[in-house]
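Hi everyone, thanks for making time this morning. I'd like to walk you through one structure, so please have the viewer open and follow along.

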Amino acid sequence: MAFITINRQNFHHNLNQIALKTGSVDKIAIVLKDNAYGHGLKIMAGLSNEFGIKHAIVKNLKEAEVVREFFETILILSDEIVKDDLCSFTINALSDIVKAEKGAKVELKVDTGMHRNGIALDELEEALILIERQGLNLVGVMTHFRSADVMGSELFWQQKQFETVKNKVRQNGFINVRFHSHNSAAILRSRNFDEELVRVGIAAYGYNELPYPFDDFSLKAVMMLHASKVSTREVKKSQRLGYAGDFTALKNMTVSAYDLGYGDGWTRADSSKPYVTVEGLPILGRVSMDFILLESQKDEVIIMNNAKEAAKQFGTISYEMTTSLSSEIPRTVI
Ligand SMILES: *Cc1c(COP(=O)(O)O)cnc(C)c1O
């Protein structure tokens, strides 16, 4: 069976690095959306809790239910807004406010330049009035940066916009509101963090997606992906292997099938540019639904131990490599 191992020590190392930036563990909200970026929702929630993390961020109420026991607050990024003791809900548009259940805890997302979700800057006053009128409990105000991972001044432009938002919210008499804007890239770039919360995802899982290290920041990959041998055969020179016989043996070789494929969320990609595993084994021919062929007889092989490195081979990013992996693959903590 293909399987994933989760390195507890590396995860805690990364959280510790982030805590050094924020100045306190209490300021870290761990982003656990999409099955904790493919690492396993419940496992990562438990390990976060072990480290002392009190706040989590998930995609929807369904994810929140799985991790409820581990946290003091959970922010839901996009779901119907209902009253809940633990969970707060993101307001992504003015229309969310009027549909929200009275008494619900909400966090207002303000669009300071990314133009994906959130109310416009000139809708802020209206939003605050509507929130009061609807009887909602505003516990947070947030924004998201469009280019925290791109060098340049855009990040600072958005931060300035957010300062204006903060002032307006305070002027309108909302005092017990937590302000947050930083994702991983922003906190890695930040020198003097002064907000209540950082929303950290990818960095906690071990990846610095900045184009070059801003600081001397050491993060360690948390996930390792393994596959297990299903069968082995001797292949003669010039025999063609797999679907469409894409791979031609240039010599006699011993080949095994391993149980990983696009059925598990491993990318099929282009068989003319084969992925090379951590142990230096190129995938032979096409990835078929649930299997790959490797020139190996080992019972278990390591397919990936660093998603950022693996992503380079496919022209994608670490986020996609880990998040794509099926939740059906067993995950264990080591
Ligand atoms: C996913 C997400 C994050 C985390 O981003 P990373 O780059 O993984 O740290 C933070 N904030 C919001 C609103 C998000 O959707």
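I'll go from the overall picture to the ligand, and then to a handful of residues.

One thing up front: this is a predicted model, so please keep that in mind throughout. The protein has 334 residues, and 51% of them are buried. There are 10 helices and 16 strands. If you lay the C-alpha trace along its principal axes, it spans about 80 × 40 × 35 Å. The exposed area comes to about 15,400 Å², with carbon and sulfur atoms supplying 49% of it. As for the contacts, take those between residues at least 6 apart in sequence: 63% of them join residues at least 24 apart.

Now to the ligand, which I suspect is what you came for. Where does the ligand sit? It is in the largest pocket. There, 14 residues surround the ligand, and the closest are Lys33, Tyr37, Ser184, Arg199 and Tyr319. Which elements give two or more residues to that shell? They are helix H2, residues 33–37, and strand S9, residues 197–200.

Let's look at some polar atoms. Tyr37 has a polar side-chain atom 2.5 Å from an oxygen atom of the ligand. For Ser184, an N or O atom in the side chain is 2.5 Å from a ligand oxygen atom. His144 places a polar side-chain atom 3.5 Å from a nitrogen atom of the ligand. And how much of the ligand does the protein bury? Taken alone, the ligand exposes 390 Å², and the protein buries 94% of that.

While we are at helix H2, have a look at Asn35, which lies in that helix. Asn35 has a positive phi of about 55 degrees, although it is not a glycine.

From His144, let's step to two residues that touch each other. Phe145 is in the loop between strand S7, residues 137–142, and helix H7. Is Phe145 buried or exposed? Its relative accessibility is 4%, so Phe145 counts as buried. Setting aside residues up to four places away in sequence, Phe145 touches Met114, Leu155, Gln158, Gln159, Ser181, His182 and Ala186. For a sense of distance, Phe145 and Phe314 are 169 residues apart in sequence, and their C-alpha atoms are 26 Å apart in space.

Gln158, one of those contacts of Phe145, is found in helix H7, residues 154–171. Gln158 counts as buried because its relative accessibility is 0%. With the same sequence neighbours left out, Gln158 touches Thr112, Gly113, Met114, His144, Phe145, Arg146 and Ser147. So you'll find His144 on that list, the residue with a polar side-chain atom 3.5 Å from a ligand nitrogen.

Next, helix H3, residues 41–51. Its buried residues are Leu41, Met44, Ala45, Gly46, Leu47 and Ser48. Here a bit of textbook geometry helps: an α-helix has 3.6 residues a turn, so residues three or four places apart point the same way. What do the buried residues of H3 pack against? They pack against strand S1, helix H1, strand S2, H2, helix H4 and strand S16. After H3 comes Gly52, with a positive phi near 100 degrees.

Helix H1 holds Leu15, which counts as buried because its relative accessibility is 0%. Beyond residues up to four places away in sequence, Leu15 touches Ile28, Ile30, Phe51, Ile53 and Ala204. Leu15 and Ala186 are 171 residues apart in sequence and 15 Å apart in space, C-alpha to C-alpha.

Two last stops. Met253 is in strand S13, residues 253–258. At 6% relative accessibility, Met253 counts as buried. Neighbours within four places aside, Met253 is in contact with Arg233, Glu234, Val235, Phe247, Leu284 and Glu295. Then there is Ser238, in the loop between strand S10, residues 223–235, and strand S11, residues 240–241. Ser238 has a phi near 80 degrees, a positive value in a residue other than glycine. And why does Ser238 count as exposed? Its relative accessibility is 51%, and exposed means over 50%.

That's my tour, thanks for listening!

Terms used. Residues numbered from 1 in each chain as written. Predicted model: local features only at pLDDT ≥ 70, side-chain atom pairs only at ≥ 80, totals over all residues. Heavy atoms only, no water. Helix = DSSP H or I, 4+ residues; strand = E, 2+ residues; numbered from the N terminus. Buried < 20%, exposed > 50% of the residue type's maximum accessible area, 1.4 Å probe, protein only. Contact = heavy atoms within 4.5 Å. Near = heavy atom within 4 Å. Polar contact = N/O pair within 3.5 Å; in protein donor to acceptor, adjacent residues only side chain to side chain. Areas by Shrake-Rupley, 256 points an atom, 1.4 Å probe, with all protein chains shown as cover. 1 Å grid on protein atoms, 1.4 Å probe; cavity = no way out; pocket = protein on both sides within 12 Å on 5 of 7 lines; lining within 4 Å. Sits in = over half its atoms within 2 Å of the grid points.
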